[in-house]
Amino acid sequence: MRAAAKAVLLPAVALLLAISLLFWGAGAVITNTMPPWRDSVGNVNHTEKITGRYLVEQSAAQEDTLLIFGSSELRTTEISTHPANFFAEKRAGFQVDIIGRGSCQSLIHALEIAASGDALRGKKVVLITSPQSYVPEGIAPDLFMANFSPQQYLELLADDTLSDEVKTYLSGRVAELLEEYQALPNAAPVDPAISALAAHRAEPTFLSGVKNMVLTPYYTVSRYLNELKDKVSARKILAAGEDFSAPANLPAIDWSAEEQNAIAQGKAMSGNNDFWMLDDYYTTYIGSRLERQRDRDRDLSYSVSKEYDDLRVLFEICRQKGIEPLFVHVPLHGKWSDYTGFPADRREEYYQNVREIAEEYGVQMLDLTGYEYEEYFLCDVMHIGWKGWLAVDKALIDYYYEG
């Protein structure tokens, strides 16, 4: 019997060792031949910056790059004052790196920053969340899955500098949202091992502990394979990028002239409506349906939302990583909100909720909520526009150069 066991065990161990050596060799080749960071990568919303780790690590290692974590507002690159355009070729002495797309809410940013190891420790980063994120249930399960990264989740659990409280909270949210997603019709397959791990870390039991112990080798291999996959994807992006050199003498910025240019572009791009919205947006989403939009939001409220707790954990992770972020508090569209029946008092309740959380964590905030009725401040019902981005640009320069 002992001979039979050896006959089975030895080949299995040999196969495992061979596979491990193969992956180790491939990983060494990939790591040693990775292209360097390229500044132009910062101007594009690459998915790999949201769901991976390597590009963010490389960006954070640059001394002249400011990382901006945001949501769907980052896609408005047709606007000249968008940071990717305004800071092109390091006009103010630094490069921006935009990270995020639609549905990248506080929880997605929290997971990514928690998974960053020491890459962002002590760094300056900018955080933007959108008002529409603060619905009662917070991020929807399908939107969460669109941006969830098992790689990041496994990495943050391995970070001994993060508190157990943070890991437990994040695990609880991951477990909850994965379960909700799997209950949706036509949901794509979810890795059951990740679901089991999240459930165990959120509420450990004896049985879940046994399952977790059995799956530990799987998690170890998954971390390694995810890292290789991430680098392979990043390689293509970096290889196609280019670098920029900051001007020897930084040109002075005429903010008055910049504002006039922003207004002129806003007028040119929003001429088919009275709400200062992008023409295409207005035609696609409102247009002939304008009358049906009247008072549609009379029952809308952002007073209670899981997003508030997700924002708290995002700020707590920044605190534990030694990050002192600049948080951009985006306004609602006052004129549009009045038309759709979302009253000023309920809007102010949401604004104040966010202010109090930022104050609780000592977070520096760019509060733009006083610009609800400013023309060309937003470019649609929710996203920062021509004058709004200009206000952000000015704050970014002050933030970047402050002591």
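Which residue in strand 3 does Ile-68 stand opposite? In strand 3, Ile-68 stands opposite Val-126. Good morning. The structure before you is a predicted model, and I shall begin with the sheet to which that pair belongs.

The sheet is open and has five strands, in the order 2-1-3-4-5, with parallel pairing. At its edges stand strand 2 and strand 5, which covers residues 364–367. Each of these two has a single partner strand, so one side of each is left without a neighbour in the sheet. From one strand to the next, the twist averages 25°.

Let us look at strand 1, residues 65–69, and its pairings. Strand 1 runs parallel to strand 2, and five bridges join them. One residue to find on your screen is Thr-65, whose bridge partner in strand 2 is Gln-95. Strand 1 also pairs with strand 3, residues 125–129, in the parallel sense and over three bridges.

Is strand 1 enclosed by the rest of the structure or left open? Five of its five residues are buried, so strand 1 is largely enclosed. Its two faces are both covered: Thr-65, Leu-67 and Phe-69 are buried on one side, and Leu-66 and Ile-68 are buried on the other.

Strand 2, residues 95–99, is mostly covered, with five of its five residues buried. One of its faces carries Gln-95, Asp-97 and Ile-99, and the other carries Val-96 and Ile-98; all of these are buried. Please keep two statements about strand 2 together: it stands at an edge of the sheet, and both of its faces are covered.

Following the chain onward, we meet Ser-103 in the loop between strand 2 and helix 5. The relative accessibility of Ser-103 is 13%, and a residue under 20% is called buried, so Ser-103 counts as buried. Helix 5 itself spans residues 106–114, and nine of its nine residues are buried, so the rest of the structure largely encloses it. Those buried residues include Ser-106, His-109 and Glu-112 as well as Leu-107 and Ile-108.

I turn now to a pair of helices. In general, two packed helices are described by the angle between their axes and the distance between the axes. Helix 7, residues 150–157, packs with helix 8, residues 164–182, at an angle of about 155°, and the axes are 11 Å apart. That angle makes helix 7 roughly antiparallel to helix 8. Their crossing is left-handed.

Within helix 8 we find Ser-171. Its relative accessible area is 0%, so Ser-171 is buried. Ser-171 and Ala-199 are 28 residues apart in sequence, while their C-alpha atoms are 6.8 Å apart in space.

How far apart are the end C-alpha atoms of helix 10, residues 206–239? They are 48 Å apart. At 1.5 Å a residue, the 34 residues of this helix should span 50 Å, which agrees. Helix 10 does have a kink of about 50° at Leu-215, shortly before the proline Pro-217. Pro-217 also gives us a distance to Ser-103: their C-alpha atoms are separated by 32 Å, and the two residues are 114 apart along the chain. Among the buried residues of helix 10 are Ser-208, Asn-212, Tyr-219, Asp-230 and Lys-231.

Finally, I should like to consider two backbone angles. Most residues other than glycine have a negative phi. Which sign does phi have at Trp-276, positive or negative? Trp-276 is not a glycine, and its phi is positive, at about 60°. Its place is in the loop between helix 11, residues 255–269, and helix 12, residues 279–285. With 13% relative accessibility, Trp-276 counts as buried.

Asp-295 likewise is not a glycine and has a positive phi of about 60°. You will find Asp-295 in the loop between helix 13, residues 290–293, and helix 14, residues 306–320. Because its relative accessibility is 35%, Asp-295 counts as partly exposed.

To close, I return to the opening pair. Ile-68, which stands opposite Val-126, belongs to a strand with both faces covered. Thank you for your attention.

Methods:
Residues are numbered from 1 along each chain as its sequence is written. This is a predicted model: local features need pLDDT of at least 70, side-chain atom pairs count only at pLDDT 80 or more; totals for chains, interfaces and linings use all residues. Side-chain values use heavy atoms; hydrogens and water are left out. Helices (H or I, at least four residues) and strands (E, at least two) are DSSP runs, numbered from the N terminus. The expected span of a helix is 1.5 Å times one less than its number of residues. The bend at a residue is the angle between axes fitted to the seven residues ending there and the seven starting there. Buried means under 20% relative accessible area, exposed over 50%, partly exposed in between (1.4 Å probe, protein chains only). Two strands pair if DSSP finds at least two bridges between them. Axes are lines fitted to C-alpha atoms, for helices over the stretch in contact, and angles run from 0 to 180 degrees between N-to-C directions. Angles under 35 degrees count as roughly parallel, over 145 as roughly antiparallel, 65 to 115 as roughly perpendicular and the rest as oblique. A crossing is left-handed if the near helix is turned anticlockwise from the far one by less than a right angle, and right-handed if clockwise.
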